[in-house]
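Welcome to a short tour of a protein chain. Take a moment to look over the sequence and the structure, and then we will go through them together.

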Amino acid sequence: MALTATVYTFEIDLSDVDRNVYETFTLKAAQHPSETEEFLFTRVLAYCLEYREGIAFSKGLAEPDEPPVIVRDLTGALQVWIEIGNPDAARLHKASKASPRTVIYTHKDPEQLKRSLAGERVHKRESIELYAVDRELLANLSERLDRRMKIAVTRTDGELYLTVGGDSISGAIAKLSLIRTP
């Protein structure tokens with residue numbers, strides 16, 4: 001029998017001081033059996049940190065030609081393609097050709113991503129945004145994973161401050177260049 005996705009409900013209180021975005025919303029996220037908790041939380045944090053009208057999770061593995069998180073305008077036109085983890089060069093090439101803005105949130109080693117892309121053809125590589133999420137922060141969140149969670153997310157000066165079940169957790173969200181320096 002095939003394993004099914006587990007659905008999590010996150011009640012988010014977002015205060016993104018860096019972007020002047022303050023919202024409260026409920027977010028449902030389905031975790032595929034092959035998806036790690038770190039990937040799930042990176043996807044949830046990317047959704048929060050990119051929050052705007054038209055943002056949505058894609059259908060995930062059921063739609064391999066779509067990113068994990070997507071932003072469309074009111075006409076349905078693609079505005080932001082948001083990848084999670086370490087996507088390959090072909091996927092990033094396609095993403096940056098399809099979308100005015102391409103963003104990667106990685107829960108893995110960003111230098112490994114840069115090495116894997118070295119010498120590969122990627123359209124508008126220099127304009128692709130790369131954010132590395134603090135791995136210790138993700139590990140702390142993963143320990144607290146529950147089917148229903150209330151999370152207060154605050155970003156200020158590139159730092160994330162989260163409150164989960166009365167516990168405070170913090171970590172950096174580092175913006176990096178996708179261009180590998182020697």
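Is Asn20 buried or exposed? With a relative accessible area of 60%, Asn20 is exposed, because that value is over the 50% cut-off. Please keep in mind that this is a predicted model. Asn20 sits in the loop between S1 and strand S2 (21-31). Its backbone deserves a look too: Asn20 is not a glycine, and yet its phi is positive, about 60°.

A second residue invites the same kind of look. Asp157 is found in the loop between S8 and strand S9 (159-164). Asp157 is a residue other than glycine, and its phi is positive, near 50°. The relative accessible area of Asp157 is 71%, so this residue counts as exposed.

**The whole chain**

Now let us step back. The chain contains four helices and ten strands. If you walk along the sequence, you meet them in the order β-β-α-β-β-β-α-β-α-β-α-β-β-β.

What radius of gyration would a compact globule with 182 residues have? The expected value is near 16 Å, and the chain has 16 Å, which agrees. Along the principal axes, the C-alpha trace spans about 45 × 40 × 35 Å. Of the 182 residues, 44% count as buried. The accessible surface of the chain is about 9500 Å², and carbon and sulfur atoms account for 48% of that surface.

Contacts tell you how distant parts of the sequence come together. Taking contacts between residues at least 6 apart in sequence, 53% join residues at least 24 apart.

**Charges and salt bridges**

The chain carries 24 positive and 28 negative side chains. The centres of these two sets lie 5 Å apart. Side chains of opposite charge can pair when their charged atoms come close. How many salt bridges does the structure hold? There are twelve salt bridges in the structure. Three of the pairs are set out here.

| Salt bridge | N to O distance |
|---|---|
| Arg155 and Asp16 | 2.6 Å |
| Glu83 and Arg91 | 2.6 Å |
| Asp167 and Arg144 | 3.3 Å |

Let us begin with Arg155 and Asp16, which form a salt bridge with their closest N and O atoms 2.6 Å apart. Arg155 belongs to strand S8 (residues 148-156) and Asp16 to strand S1 (residues 6-16), so this pair ties together parts that are 139 residues apart in sequence. Arg155 is buried, with a relative accessible area of 8%. Asp16 is buried as well, at a relative accessible area of 0%.

In the pair of Glu83 and Arg91, the side chains meet in a salt bridge of 2.6 Å from N to O. Glu83 is buried, with a relative accessible area of 3%, whereas Arg91 is partly exposed at 23% relative accessibility.

The closest N and O atoms of Asp167 and Arg144 are 3.3 Å apart in their salt bridge. Asp167 is in strand S10 (residues 167-177), while Arg144 is in the loop between helix H4 (135-143) and S8, so the pair ties together parts that are 23 residues apart in sequence. Asp167 is partly exposed, with a relative accessible area of 35%. Arg144 is partly exposed too, with a relative accessible area of 28%.

Salt bridges can also be linked to one another here: Glu50, Arg52, Arg101 and Glu129 form a network of them.

**Two more residues to find**

Try locating Lys28, which lies in strand S2. Lys28 is exposed, with a relative accessible area of 56%. Which residues does Lys28 contact, leaving aside its neighbours within four places in sequence? Lys28 is in contact with Tyr8, Thr9 and Phe57. The C-alpha atoms of Lys28 and Val7 are separated by 6.7 Å, and these two residues are 21 residues apart along the chain.

Finally, look for Ser116 in helix H3 (residues 110-117). Ser116 has a relative accessible area of 44%, so it is partly exposed. Between the C-alpha atoms of Ser116 and Leu49 there is a separation of 26 Å, and the two residues are 67 residues apart along the chain.

Note on methods:
Residues are numbered from 1 along each chain as its sequence is written. This is a predicted model: local features need pLDDT of at least 70, side-chain atom pairs count only at pLDDT 80 or more; totals for chains, interfaces and linings use all residues. Side-chain values use heavy atoms; hydrogens and water are left out. Helices (H or I, at least four residues) and strands (E, at least two) are DSSP runs, numbered from the N terminus. The radius of gyration is taken over C-alpha atoms; the globule rule is 2.2 Å times the number of residues to the power 0.38. Buried means under 20% relative accessible area, exposed over 50%, partly exposed in between (1.4 Å probe, protein chains only). Contact means heavy atoms within 4.5 Å. Accessible areas come from the Shrake-Rupley method with a 1.4 Å probe; for residues, only the protein chains shown count as cover. Lys and Arg count as positive and Asp and Glu as negative; His and the chain ends are not counted. The place of a charge is taken as NZ of Lys, CZ of Arg, CG of Asp or CD of Glu. A salt bridge is a side-chain nitrogen of Lys or Arg within 4 Å of a carboxyl oxygen of Asp or Glu.
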